[in-house]
Amino acid sequence: KGNYNFRIAPTNGNSGTTEVSITYAANDSGTNRESVVTITAGDLVKTVNVVQPVASISFSPDTLTFEPVEATKTVNVTANVDWDLNTNVYPEWVKSIEATGKTGNGTIGVAVKENKDRVSNNNWDLEVIYAGTLKKQIRIIQEVAYNNPPTKPVILTPANNATGVSVIPDFTWEAATDV
């Protein structure tokens, strides 16, 4: 039914049993591929229907949302093809990325560093390459840093209950943190 890029080996055999291997390129066509392979031995003709499903991959979840603290989360990968990560360059706030089971189903672990920025979220799309050339992304978001109340400053001078202090004193204190 179709003329697809495939290889059959061997293309001929001797009497007896011969194993025939059919190798197709990954199916990125969007629909199942169907072919009929015909084997002839003298007057005997046998046909084999071959169906190759569409290359597919899905993620659960397809978006990872992190709080602004250092953390690790995992994405489950469901695939009927080989896949890999395009992690040549990833943002500084991503601590590590590890993938297991890149042939079919597997997992992707993503670890992030603490986000100390109180202005913006960290956002990045992790690219997964499958079926040779197809690409799909996992969105990674890390929320903006918490705005914690500052610590209480500590008065250094004048000391509590000090006497002989000027009516216009000079105050010194230990600065608050997270102002």
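This short presentation covers the largest pocket, a nonpolar surface patch and the salt bridges of the structure shown above.

Good morning, colleagues. Please keep in mind that what we have here is a predicted model.

I shall begin with the pocket. The largest pocket holds about 320 Å³ of space. Its lining consists of 14 residues, and those closest to the centre are Asn12, Gly13, Val20, Ile39 and Thr40. Which element supplies the largest share of this lining? That is strand β3, residues 33-41, with five residues. As for chemical character, the lining has eight polar residues and six nonpolar ones, while charged residues are absent.

Ile39 leads us from the pocket to the surface. This residue belongs to strand β3, and it joins Val20 and Val48 in a nonpolar surface patch of about 210 Å². Is Ile39 buried or exposed? Its relative accessibility is 41%, so Ile39 counts as partly exposed, given that this class lies between 20% and 50%. Val20 and Ile39, then, appear both in the patch and among the residues closest to the pocket centre.

I turn now to charged pairs. Side chains of opposite charge can pair when their charged atoms come close. How many salt bridges does the structure hold? There are four, and I shall describe three pairs, including Lys95 with Glu70.

In that pair, the closest N and O atoms are 2.7 Å apart. Lys95 sits in strand β9, residues 94-100, and Glu70 in the loop between β6 and β7, so the bridge ties together parts that are 25 residues apart in sequence. Lys95 is partly exposed, at 44% relative accessibility.

Next comes Asp84 with Lys102, where the closest N and O atoms are 2.8 Å apart. Asp84 is in strand β8, residues 83-86, whereas Lys102 is in the loop between β9 and β10; the pair links distant parts of the chain, 18 residues apart. Both partners are partly exposed: Asp84 has a relative accessible area of 36%, and Lys102 has 34% relative accessibility.

The last pair I shall show is Lys113 with Glu92, with the closest N and O atoms 3.3 Å apart. Here both residues lie in loops, Lys113 between β10 and β11 and Glu92 between β8 and β9, so parts 21 residues apart in sequence are tied together. Lys113 is partly exposed at 32% relative accessibility. Glu92, by contrast, has a relative accessible area of 60%, and therefore counts as exposed, the cut-off being over 50%.

Thank you for your attention.

Key: Residues are numbered from 1 along each chain as its sequence is written. This is a predicted model: local features need pLDDT of at least 70, side-chain atom pairs count only at pLDDT 80 or more; totals for chains, interfaces and linings use all residues. Side-chain values use heavy atoms; hydrogens and water are left out. On a 1 Å grid over the protein atoms alone, a cavity is a set of points where a 1.4 Å probe fits but cannot get out, and a pocket is an open set with protein on both sides within 12 Å along at least five of seven lines; lining residues have an atom within 4 Å of a point. Grid points are joined across faces, edges and corners, and a volume is the space filled by probe spheres set on the points. Helices (H or I, at least four residues) and strands (E, at least two) are DSSP runs, numbered from the N terminus. Ala, Val, Leu, Ile, Met, Phe, Trp, Tyr, Cys and Pro count as nonpolar, Asp, Glu, Lys and Arg as charged, and the others, Gly among them, as polar. Patches are made of residues with over 30% relative accessible area and no salt bridge: like charges are joined within 9 Å, nonpolar side chains (Val, Leu, Ile, Met, Phe, Trp, Tyr) within 5 Å. Accessible areas come from the Shrake-Rupley method with a 1.4 Å probe; for residues, only the protein chains shown count as cover. A salt bridge is a side-chain nitrogen of Lys or Arg within 4 Å of a carboxyl oxygen of Asp or Glu. Buried means under 20% relative accessible area, exposed over 50%, partly exposed in between (1.4 Å probe, protein chains only).
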